[in-house]
Amino acid sequence: MSTITAPTKDLPGKKGNLVEMNWDPITRIVGSLGIFTKIDFENKHVVECHSTSSIFRGYSIFMKGKDPRDAHFITSRICGICGDNHATCATYAQNMAFGIKPPPIAEWIVNLGEAAEYMFDHNIFQDNLVGVDFCEQMVKETNPKVWAKAQSTPAPHSNAHGYRTIADIMTALNPFTGAFYREALVMSRMTREMFCLMEGRHVHPSTLYPGGVGTVPTVQLFTDYLVRLMKYVEFMKKVVPLHDDLFDFFYEALPGYEEVGRRRVLLDEGASVAPHLLVGRDGRHDHDRAGAREPRGNPADARDVRVAVFLREDEALREVGADDVAVEVVDDEAAALELGLDVVRDRRLAGA
């Protein structure tokens, strides 16, 4: 992510400072997605927001001239994973264009189908895609010391998820062989079954139409959905404490791990005064200020952070501009970086 402070511009009726915030690429998705915004934090107003994909699909072009009643059948072919989302949006567009409103039971059926899709996405992403980053195979190869520590660290919530040590959790996350990884795949299939109960099939729904759905609502239909939903709920009662144990372990085993991805400009109450601010971890003033793509104004010292860039080729770490991505903590104990408006104005750390 990059942040650029734009020149101050007068907005209609108000004065504010526009900040350009861009997230490109957004990772762990099928395709290359970028989000580009201009935000006036002072007035809490998103002035512009655009999304873009570097993968050209052409649907907006060859949909021209097609019968609009076929839109949801055609657009669902955009993706082999989230085609139902495109089909649902296409039916919503048709409802607005035709000026029709589906009956409430049809809305409920569509919502239950999309809720199942959401549960699938969360499950497959967190437990099968992200979980691989924390599995035994990955940790043992990239950080043997952390693996050794995990073997002797008991899992605080083992009574909830059934894994005695953190190392047991990591082993369970091994792709295709780990017990938890395989269980997550089974639950993903169950959410697909929930979706198909409501919308006919996945990934290209067969029962969505403008003005309603072709699914016949029966007691048996909703009972079949509810049975699977309760199994998913029980699975989540294991998932949440398992994630807590795993991530809390990494925070403790790798001081500074929680700072990965932290940016100076965030979408919060302090963001309106923070775009042109860099705070040293030693709590000292930074009179020179460091903006986007500018060198740091406060010289590095023992309680600051070292900023580095990693290129494709092997290269020694070097300091880079204030808005780049990799942060290495060089002091033993991570300092609290929670800034309130009162301390931000003085450009000092909280409690300093």
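**H6 against H10**

I started with how H6 and H10 sit relative to each other in this predicted model. Helix H6 covers residues 144-151, and its axis lies 11 Å from that of H10, at an angle of about 125°. The two helices are therefore oblique to each other, since the angle is neither over 145 nor within 65 to 115. I also looked up the handedness, and H6 and H10 cross in a right-handed way.

Which residues make the contact between H6 and H10? On the H6 side I noted Val 146, Lys 149 and Ala 150. They meet Phe 249, Phe 250, Glu 252 and Ala 253 of H10. Sorted by class, I get five nonpolar and two charged residues here, with no polar ones.

**H9 against H10**

Next I pulled up H9, residues 179-199, against H10, residues 219-253. Their axes come within 10 Å and cross at roughly 150°. That makes H9 roughly antiparallel to H10, because the cut-off for that label is over 145. The crossing of H9 with H10 is left-handed.

I then went through the contact list. H9 contributes, among others, Phe 180, Met 187, Met 190, Met 194, Leu 197 and Met 198. Glu 183 and Glu 193 of H9 are in the list too. From H10 I wrote down several aromatics, including Phe 222, Tyr 225, Tyr 232 and Phe 235, and also charged residues, including Asp 224, Arg 228, Lys 231 and Lys 238. How do the residues of this contact divide by class? My tally for H9 with H10 reads 15 nonpolar, one polar and six charged.

How values were computed:
Residues numbered from 1 in each chain as written. Predicted model: local features only at pLDDT ≥ 70, side-chain atom pairs only at ≥ 80, totals over all residues. Heavy atoms only, no water. Axes fitted to C-alpha atoms, helices over the stretch in contact; angles between N-to-C directions. Helix = DSSP H or I, 4+ residues; strand = E, 2+ residues; numbered from the N terminus. Parallel < 35°, antiparallel > 145°, perpendicular 65-115°, else oblique. Left-handed = near helix turned anticlockwise from the far one by under 90°. Contact = heavy atoms within 4.5 Å.
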